[in-house]
Amino acid sequence: MCLSTAALSLFLNLLNLENITTEPGRVIIHASDREAHWVNDGDRWCTMAPQLDRLARFAPSATE
């Protein structure tokens with residue numbers, strides 16, 4: 001999933017700043033389940049979080 005810089009900025013303004021880490025070309029959101037990494041791709045910011053969540057949902061349970 002990718003967002004424009006303006007859309008990502010709007011989204012980040014809704015979050016608690018204590019849960020956000022930034023470094024050049026990357027924004028990391030520390031959520032309760034796992035981190036979401038947003039990576040700069042030119043004029044867009046992209047994350048693999050939706051795909052990772054989907055994979056985790058359908059992965060076999062470790063207890064099975």
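Here is a short back-and-forth on how some labels in this predicted model are earned.

User: What makes C2 and C46 a disulfide?

Analyst: Their sulfur atoms sit 2.0 Å apart, and the cut-off for a disulfide is within 2.5 Å, so the pair qualifies. The structure holds 1 disulfide.

User: And what parts does the pair tie together?

Analyst: C2 belongs to strand β1 and C46 to strand β5, so the link ties together parts that are 44 residues apart in sequence.

User: Why is the disulfide of C2 and C46 called right-handed?

Analyst: Because the torsion about its S-S bond is about 105°.

User: Is C46 buried or exposed, and how do you know?

Analyst: C46 has 17% relative accessibility. Buried means under 20%, so C46 counts as buried.

User: How about C2, what label does that one get?

Analyst: Partly exposed: C2 has a relative accessible area of 33%, and that label covers values between 20% and 50%.

User: Why is F11 called partly exposed?

Analyst: Same kind of reasoning. F11 comes in at 32% relative accessibility, and the partly exposed range lies between the 20% and 50% cut-offs, so F11 counts as partly exposed. F11 is found in helix α1, and it touches I29 and W38, leaving aside residues up to four places away in sequence.

User: Where does helix α1 lie?

Analyst: Helix α1 (residues 5–13) lies across β1, β2, β3 (26–30), β4 and β5, and it runs at about 95° to β1.

User: What makes β1 and β2 edge strands?

Analyst: The 5 strands form an open sheet in the order β1-β5-β4-β3-β2, with antiparallel pairing. β1 (2–4) and β2 (20–23) each have a single partner strand, so one side of each is left without a neighbour in the sheet. As for twist, neighbouring strands of this sheet are turned by 25° against each other on average, direction ignored.

User: How do you know that β4 and β5 really pair?

Analyst: Pairing takes at least two bridges. Strand β4 (residues 35–41) and strand β5 (residues 44–46) have 3 bridges, in the antiparallel sense, so they pass. In β5, W45 is the bridge partner of N40.

User: And what makes β2 and β3 a pair?

Analyst: 4 bridges join these antiparallel strands, against a requirement of at least two, so they count as paired. T21 stands opposite I28 in β3. The hairpin of β2 and β3 has 2 residues between the strands, and G25 there takes a positive phi near 80°.

Note on methods
Residues are numbered from 1 along each chain as its sequence is written. This is a predicted model: local features need pLDDT of at least 70, side-chain atom pairs count only at pLDDT 80 or more; totals for chains, interfaces and linings use all residues. Side-chain values use heavy atoms; hydrogens and water are left out. Axes are lines fitted to C-alpha atoms, for helices over the stretch in contact, and angles run from 0 to 180 degrees between N-to-C directions. Contact means heavy atoms within 4.5 Å. Buried means under 20% relative accessible area, exposed over 50%, partly exposed in between (1.4 Å probe, protein chains only).
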